[in-house]
Amino acid sequence: MSVLTRSMRVVEAELVVYRRTWRGTVISSFVNPILYLTAMGLFLGSFVDSTADLGIPYLTFVATGLMAATAMQAGAGEGSFPVFAGIKWRKEFHATITTPLSPADIVYGRFLWAIIRLTFILVVFALISVLFGAIEIGPALLAVPAGVLTGVAFTTTVTAFTVTRENETSLSTLFRFAITPLFLFSGTFFPVSQLPDSLQKIAYLTPLFHGVELVRKIALPGVGEPAVTSLPIWVSVAYLSVMTAIGLVLAARFLDRRLRP
Amino acid sequence: MRESIVRAHGLTKKFGDFVAVDAVDFDIVKGEAFGFLGPNGAGKTSTMKMITTVSPITAGDLTVFGLDPSTQGRSIRQRIGVVPQEDNLDLELTVAENLYVYGRYHDMTRANIRRRIEELLEFAQLTDRAKSTVDSLSGGMKRRLTIARALINDPELVILDEPTTGLDPQARHVLWDRLYRLKQQGATLIITTHYMDEAEQLCDRLVVMDKGVIAAEGSPRALIAEYAPREVVELRFEDGQQDDAVIKLDGLAHRSEILADRVLLYTDDAEATQHEMGVRGIHPGQVLVRRSTLEDVFLRLTGRRLID
């Protein structure tokens with residue numbers, strides 16, 4: 001079996017599990033975007049006279065930001081609790097590695113699985129945004145791969161973090177002190193140009209900022225400052241790609257160390 | 001001579017400064033049921049993990065099917081079945097789905113897996129539970145499913161780490177029967193256990209492990225013959241009377257073991273020993289005469305009981 005075949009076997013196993021558990025996740029994939037877009041896009045948006053400041057309606061601005069932020073949350077989710085369960089709770093990873101599969105195969109397989117999950121979640125998000133009148137359908141769907149890239153950058157790096165943890169409280173800490181601040185301060189709800197200079201520079205270094213930039217530039221062709229920055233689009237693509245790759249390599253190495261002491 | 005399946009020489013596993021397995025030697029041949037008997041912490045599981053290639057060896061030599069676990073792990077794992085100490089089944093999946101996923105991990109075709117699942121469910125006496133989720137199974141059923149899962153790839157070597165720990169006596173006997181059948185079908189079995197009756201029932205040969213080293217090796221019968229006289233007289237005394245009686249035991253048997261709750265007398269002739277007790281005025285509350293077991297061998301070798 002090649003490494004791709006072996007990884008696909010992990011995907012297949014995830015699909016078998018998903019056949020039993022999809023109901024809960026599908027509902028949240030539909031309900032969350034509707035709740036966010038209603039609260040933030042419509043109700044909050046009606047207070048914001050954004051067209052003057054941003055050049056686009058606030059609903060449009062926030063829908064594109066939330067698309068990236070949703071990808072981050074789902075991506076980080078795939079890399080955290082299910083991975084921890086495989087190691088410590090249900091321990092199925094320990095059984096998997098007594099077959100021809102190795103810890104690295106588990107990491108690669110779960111990476112492919114995250115791509116599938118994120119694609120589904122983001123297509124749903126894009127379509128709901130279209131129904132809200134926030135984005136045009138063509139660019140909205142074109143932005144899905146940008147969202148997937150944002151999501152997997154978090155999946156691989158969070159997986160690398162998770163497999164080195166002994167205690168699940170580290171995972172809630174990660175969400176509380178990394179994911180949530182990123183969610184709030186990465187240009188999702190307001191342009192980072194609103195931030196004080198020093199914070200703005202920090203924002204440029206964070207992953208979700210690049211995810212939001214990327215999604216917005218693709219979903220809203222021709223959009224300009226201040227809704228997005230003047231940073232070239234390839235910078236964001238490169239940032240997220242490198243982050244994904246580093247996460248993947250580290251996760252495979254750390255999981256091997258964890259499962260084969 | 002029969003083909004060697006697993007061969008270890010000076011096999012050592014360290015975790016930092018802690019030596020879990022300390023330069024052990026053993027040779028397991030095709031078709032036998034080989035046991036590792038020892039208390040918790042003896043190094044049994046660490047040894048199993050090295051054989052199943054999921055834990056790198058620290059020092060010494062180890063071959064499985066003549067292959068090197070550090071470089072040919074995947075080829076080894078293709079040909080073995082592993083029953084871990086703790087069930088790690090996927091609880092959300094059905095019985096059949098658990099088997100299916102592992103068949104795919106072993107690169108089997110779907111049609112092949114379906115055929116094999118049918119056989120294995122019958123073997124594990126779970127045919128009528130094929131569509132139940134694992135969550136709803138009893139402990140014994142889960143254990144049988146874990147064993148069935150280990151057999152999905154028709155392995156030449158099956159490694160069972162404490163297969164019956166935590167099961168009730170009836171479930172243990174069902175499991176023993178299945179393992180016995182497996183052996184009759186020609187599989188080589190490696191079994192770790194801290195139950196001496198399990199080792200006696202299932203193992204052709206075994207090693208007694210304690211604190212990372214092998215204390216003795218042989219067939220259950222040979223070990224008992226070598227390390228323990230034929231019969232054991234177990235004495236239980238009324239509260240506080242054991243100490244008074246112990247003084248009078250000298251020379252009564254080949255050897256005696258004074259435990260917290262009872263005294264064991266090792267003898268070739270239990271009747272004569274009991275008669276002599278009467279003569280000396282030793283009157284325990286309870287007397288039990290039994291055959292020697294591997295537990296007695298272990299006690300002799302280490303001065304401790306297998307399960308505390």
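This report describes strand pairing in chain B, the contact between chains A and B, and the domains of chain B in a predicted model.

**Strand pairing in chain B**

Strand β1(B), which spans residues 4–15, takes part in two antiparallel pairings, one with β2(B) over eight bridges and another with β4(B) over five bridges. The partners of β1(B) are set out below, each with a pair of residues that stand opposite one another.

| Partner of β1(B) | Residues of partner | Sense and bridges | Residues opposite one another |
|---|---|---|---|
| β2(B) | 18–29 | antiparallel, eight bridges | Ser4(B) and Val29(B) |
| β4(B) | 59–64 | antiparallel, five bridges | Arg7(B) and Thr63(B) |

The strands β1(B) and β2(B) form a hairpin with two residues between them, and in this hairpin Gly16(B) adopts a positive phi near 65 degrees. In general, side chains along a regular strand alternate between the two faces of the sheet.

**Contact between chains A and B**

The contact draws on 22 residues of chain A and 24 residues of chain B. On the side of chain A that touches chain B, the elements that contribute two or more residues are α1(A), residues 3–44, and α5(A), residues 92–96, and α1(A) gives the most, with seven residues. Classified by residue type, this side of chain A holds 10 nonpolar, five polar and seven charged residues.

**Domains of chain B**

The domain assignment divides chain B into domain 1, covering residues 4–221, and domain 2, covering residues 229–291. Taken over C-alpha atoms, the centres of domain 1 and domain 2 of chain B are separated by 39 Å.

Technical notes: Residues are numbered from 1 along each chain as its sequence is written. Chains are lettered from A and ligands numbered from 1 in the order in which they are written. This is a predicted model: local features need pLDDT of at least 70, side-chain atom pairs count only at pLDDT 80 or more; totals for chains, interfaces and linings use all residues. Two strands pair if DSSP finds at least two bridges between them. Helices (H or I, at least four residues) and strands (E, at least two) are DSSP runs, numbered from the N terminus. Two residues are in contact if their C-beta atoms, placed from the backbone, lie within 7 Å. Ala, Val, Leu, Ile, Met, Phe, Trp, Tyr, Cys and Pro count as nonpolar, Asp, Glu, Lys and Arg as charged, and the others, Gly among them, as polar. Domain bounds come from an automatic or database domain assignment.
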